[in-house]
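Welcome to a short tour of a protein chain, written for anyone who likes to keep the model open while reading. Please have a look at the sequence and structure first.

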Amino acid sequence: MGVRQKAGLGIGQRFAVVACCGALILPALSPVLAQDSAQDGGLQMTLGVRSTLRSDSNYSLSNPSNGRGTVFDTQLSFGLISETRNSRLAFTASTTARAARLPAPAGSVSGIEDPLFQLNYSREGARSSLTLNARYNRADLDFVDPLTDQVLIADPSAPGGLTLVNATGTRTNLQYGLGFRTGIDMPVGLNLQLNHRELDYSGTVGPSLYDTQTDSATLGLRFDLTPAMTANVTLSASDYVARDAASTRRENRSLSFGLSQNVSEALNLSANVGLSRNTTTRLGASTLREGATFALAATRNLPTGNVGLSYSRSIDSNGNRDTLRVSHSQETQLLSAAMSLGLTRGSSGTTSIVANANISRDFARGELSASLSRGVTTNDSLNDVLTTRANAAYTHNINPVSSLAFGVTFARTEDGGTGVTTTTDRSSVNITYNRALTEDWDMSAGFEHRRLTNTAGTAQGNAVFVSLGRSFDLRP
């Protein structure tokens, strides 16, 4: 990776800036905060331990297979929650003691891995609220499943948008943010969001994984013009720096004005118009994309949900993108569903289907959940990539202490209009038996089949696993 130099403020300085912002904002909260009582929610601590043994016939999911991998993990975790009438503090920490025998060239591996620290704080006033969050994790990529890893699979700045092949090395993920709202239930309100994100890689092979840094800020003003009409002014900015071979840098600035009108108790209309400016620098050369953006939406409330139609134009690193969507949501005692389906067209002229869906259904002795997302992103090489992710899970309760869980996961990356992205598919199917041994101890055992298809062909592997764990709840 070479010598890495951070742009802008150092980590400690950025944390100091966020802390200072919190110190300045806290006094603006209502004096009602001073009436907090520790007895309202109290303090709860949770200690957890879980050991998992997993053996996979094709651990690295290569074609041809380079051998079996066996991993024994013992995860230790600690959680703390402190709640009062107006505030909530949640802190979690975990680490893993690992012993593994992997295919060559990794061989035998052991040590303390994957430290994770996460902090969330929220405080509510009479007309204001404050949220703070921070997260730190250092993961060994040899033990990360790209199909379920939320950093690799969901990070819009990741190379290609979705990374489905296994990698080696370590990844450090640091992020923190601040949110402040005031003017709640008042004619004029303000909303401020500040976020910072770093992904740092070391010991990786090849140029596909590299350090990135993202800073973003959003300031919004709300004006209640009438009981049925609301106006919004939003100013946002983001800076993205990638330490790739092209020294990619993106700067986004936007200003928008919006109106929302409740035409009736069942119908809402909204419109948004603004200006957006996107500057992308690669290999020292800058490309400017700027212009007008807009969005139109209509939402009709139904007895158990709503239905909506929207059309929008946005600007990304490749130019204009137009998107038309129809959406529907439904909420009953047994069913919760939110779905949208649409078409998107970028500057390349390619029209793609986009979709989002989240469904959950309760049965007499089980529950079913499913999700789907399909969208187009622009990666650091200025290529449009179409990504599809789908998950389905069903749990059947055998008796009060045992259950069977079935799961299917699928992800795909393919060309989104620029003609340079090859299609890659990755999927897994698993079945797990869960049993509560005692009030605190539980056991799981199961089987998983994994498959990867890309230009190298199709690779597949079968894994068996068993897990034993318990948690301790403490209230001082």
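What follows covers a pocket, a set of charged pairs and a surface patch. The model is a predicted one, so please read the values below as computed from it.

**The pocket**

Let us begin with empty space. Rolling a probe the size of a water molecule over the atoms shows where such space is left. The largest pocket here has a volume of about 1400 Å³. It is lined by 39 residues, and those closest to its centre are D73, F143, V144, D145 and T148. What is the make-up of the lining, in nonpolar, polar and charged residues? There are 17 polar and 14 charged residues in it, along with eight nonpolar ones.

**Charged pairs**

Side chains of opposite charge can pair when their charged atoms come close. This structure holds 20 salt bridges. Three of them are set out here, with the distance between N and O atoms.

| Pair | N to O distance | Separation along the chain |
|---|---|---|
| D149 and R171 | 2.9 Å | 22 residues |
| R282 and D244 | 3.9 Å | 38 residues |
| D384 and R321 | 3.3 Å | 63 residues |

Take the pair of D149 and R171, whose closest N and O atoms are 2.9 Å apart. The bridge links distant parts of the chain, with D149 in the loop between strand 5 (128–140) and helix 2 (150–154) and R171 in strand 6 (residues 170–182). Are these partners buried or exposed? D149 has a relative accessible area of 13%, so it counts as buried, the limit being under 20%. R171 is buried as well, because its relative accessibility is 1%.

Next comes the salt bridge in which the side chains of R282 and D244 meet, at 3.9 Å from N to O. Here too distant parts of the chain are linked: R282 belongs to strand 11 (residues 267–282), whereas D244 sits in the loop between strand 9 (229–242) and strand 10 (249–262). In this pair, R282 counts as partly exposed because its relative accessibility is 23%, while D244, at 14%, counts as buried.

The third pair is D384 with R321, with 3.3 Å between the closest N and O atoms. D384 lies in strand 18 (residues 384–399) and R321 in strand 14, so that this bridge, too, links distant parts of the chain. Both of these residues are buried. Elsewhere, R54, D56, E448 and R450 are joined into one network by salt bridges that share partners.

Another charged residue worth finding is D200, which is placed in strand 7 (residues 188–202). D200 is buried, with a relative accessible area of 14%. Its C-alpha atom is separated by 9.5 Å from that of R243, 43 residues apart along the chain.

**The surface patch**

Now turn to the outside of the model. L302, V307, L309, Y311, L324, V326, L341, L343 and I353 form a nonpolar patch on the surface, and together they have about 740 Å² of accessible area. Which elements give two or more residues to this patch? They are strand 13 (305–316), strand 14 (319–331) and strand 15 (335–345). Strand 13 gives the largest share, three residues. V307 lies in that strand, strand 13. With a relative accessible area of 31%, V307 is partly exposed, and it passes the patch cut-off because that is set at over 30%.

Methods. Residues numbered from 1 in each chain as written. Predicted model: local features only at pLDDT ≥ 70, side-chain atom pairs only at ≥ 80, totals over all residues. Heavy atoms only, no water. Patch = residues over 30% accessible without salt bridge, like charges linked within 9 Å, V, L, I, M, F, W, Y side chains within 5 Å. Areas by Shrake-Rupley, 256 points an atom, 1.4 Å probe, with all protein chains shown as cover. Salt bridge = Lys/Arg side-chain N within 4 Å of Asp/Glu carboxyl O. Helix = DSSP H or I, 4+ residues; strand = E, 2+ residues; numbered from the N terminus. Buried < 20%, exposed > 50% of the residue type's maximum accessible area, 1.4 Å probe, protein only. 1 Å grid on protein atoms, 1.4 Å probe; cavity = no way out; pocket = protein on both sides within 12 Å on 5 of 7 lines; lining within 4 Å. Points joined across faces, edges and corners; volume = space filled by probe spheres on them. Nonpolar A, V, L, I, M, F, W, Y, C, P; charged D, E, K, R; others polar.
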